[in-house]
Amino acid sequence: MTANLPPAAGARIEVRGGGDGAPRVATLEPGPDLPGAPAPFALWLDQELSPPSPGSRTLATLDGAPAIVEDEQGVVFLFDPARAVDALLHERHVRPRRPLHTRVPLPYQLVPGGWRLRAFRLLARAGSAPPPGFPDWPLDDAADALGATWVAASRRAGATLEWPPAWPGGRGWVFVVSHDVDTVDGLRRAPAIAEWEAARGIRAAWFVVGEVMRRDPGAAAAIRAAGHELGLHGDRHDNRLGYAAAAAIARRLDTCADLVADHAMTGFRAPSLLESPALRRELRRRFAYASQVPDTEVRSLLAPRRGCTTLRPFWRDGLLEVPLTLPLDDKLVLAGGGEREIIAAWRGKLDAVRRRGGIGQLVVHNEAHLLARCRAAFERVVADGHADGGAWHATPGEVARFWDTTRNDG
Ligand SMILES: [Zn+2]
């Protein structure tokens, strides 16, 4: 079972909606008869509401119209919540554009990082506010809120269900540290940071580009020897893997099969997070999970706003995803943030994650032009997260394994 909403076994609950409608952002407002439901939240929806049967009582409204009601049969959803959650998790609200540089036959990494940042800043018009829209930033957990609404309605209808699942050891939230290693220079710097982490008892995930790993096998081995998880960050960092045809994706991933086996890699992260349904289908056969979708992001390469709006793992096209939830280091640097701003952004998001019992995944690029600006903030925030006894400190591979065994129960 890879459903993203928990089954409400035994509940008198019915879904009587799901007709196609014009996509819109609407406010779902659970009423006081749904204890445990979240505060009103904005939701992207491409469904029309079904009309309620006469005499039913409203439990929640959508832009003022009845959306969840109760009649003598039990609780009735006037839209399909499973379809709505999947639409959010699959980012149907995003109209992805293909970044220009992925069409240009020039290895963009030949351009020095500092120059790349400057060019990026111009392209992204950093400093100007992103266009308004959905999802909100830096926090939007619409998919989790809709899940909580489903659970509250199911409980009212008589189901007993534990949701969200408790994290191992009864911990309240999860702290995950991961690194992207794009270049040989980045990999050369990795063992020192991996050892800094290991000395503090921190185990991280290092997503390394396949051809980079081959150029410095000793560094990859040193990362693993320090107790960390190794994941694949594409075969090359040309940002084109997600745009290739299925057969070409398979051929490219085949070239890394020996590395995946030798380093017991179970996870994958697409270069620059540029992924696609074709890539996910191919990854599903080779990896236990991917970690390449942000919960919410502005000025992304794919669209001005994007995100899966959840702080928890989920299945997307049958592939388990562990979302990236702390603002990305390159975005914060791009926005002109100094050490203080970066620390504030990460701590603010960690507080929100802690309150919601989700995953706080910090992603740091191991490249000199980013490390120079983020290293101190990274050390502070990692120490913060690690000192929190209420957190489960896990690698994304461990989180994926836990979610798969806990949720894949049918
Ligand atoms: Zn990368």
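Start with the two domains, whose bounds come from an automatic or database domain assignment: the C-alpha centres of domain 1 and domain 2 lie 32 Å apart. To colour them, select 13-93 + 134-156 for domain 1 and 168-407 for domain 2. Residues are numbered from 1 along each chain as its sequence is written. The model is predicted, so local features need pLDDT of at least 70 and side-chain atom pairs count only at pLDDT 80 or more, while totals for chains, interfaces and linings use all residues.

Next, show where the domains meet. Here 15 residues of domain 1 are in contact with 17 residues of domain 2 (contact: C-beta atoms, placed from the backbone, within 7 Å). On the domain 1 side, α1 and α3 are the elements giving two or more residues, and α3 gives the most, with 3.

Now hide domain 2 and look at the sheet. Its 6 strands run in the order β1-β6-β5-β4-β2-β3, an open sheet with mixed pairing. Helices (H or I, at least four residues) and strands (E, at least two) are DSSP runs, numbered from the N terminus; two strands pair if DSSP finds at least two bridges between them. Select 13-15 (β1) and 41-48 (β3): each has a single partner strand, so one side of each is left without a neighbour in the sheet.

Then pick 19-30 and 57-62, which are β2 and β4, paired antiparallel over 3 bridges. Zoom in on Pro30, whose bridge partner in β4 is Ala60.

Finally, add helix α3 (142-156), which lies across β1, β2, β3, β4, β5 and β6, at about 75° to β3 (axes are lines fitted to C-alpha atoms, for helices over the stretch in contact; angles run from 0 to 180 degrees between N-to-C directions).

Methods: Two residues are in contact if their C-beta atoms, placed from the backbone, lie within 7 Å.
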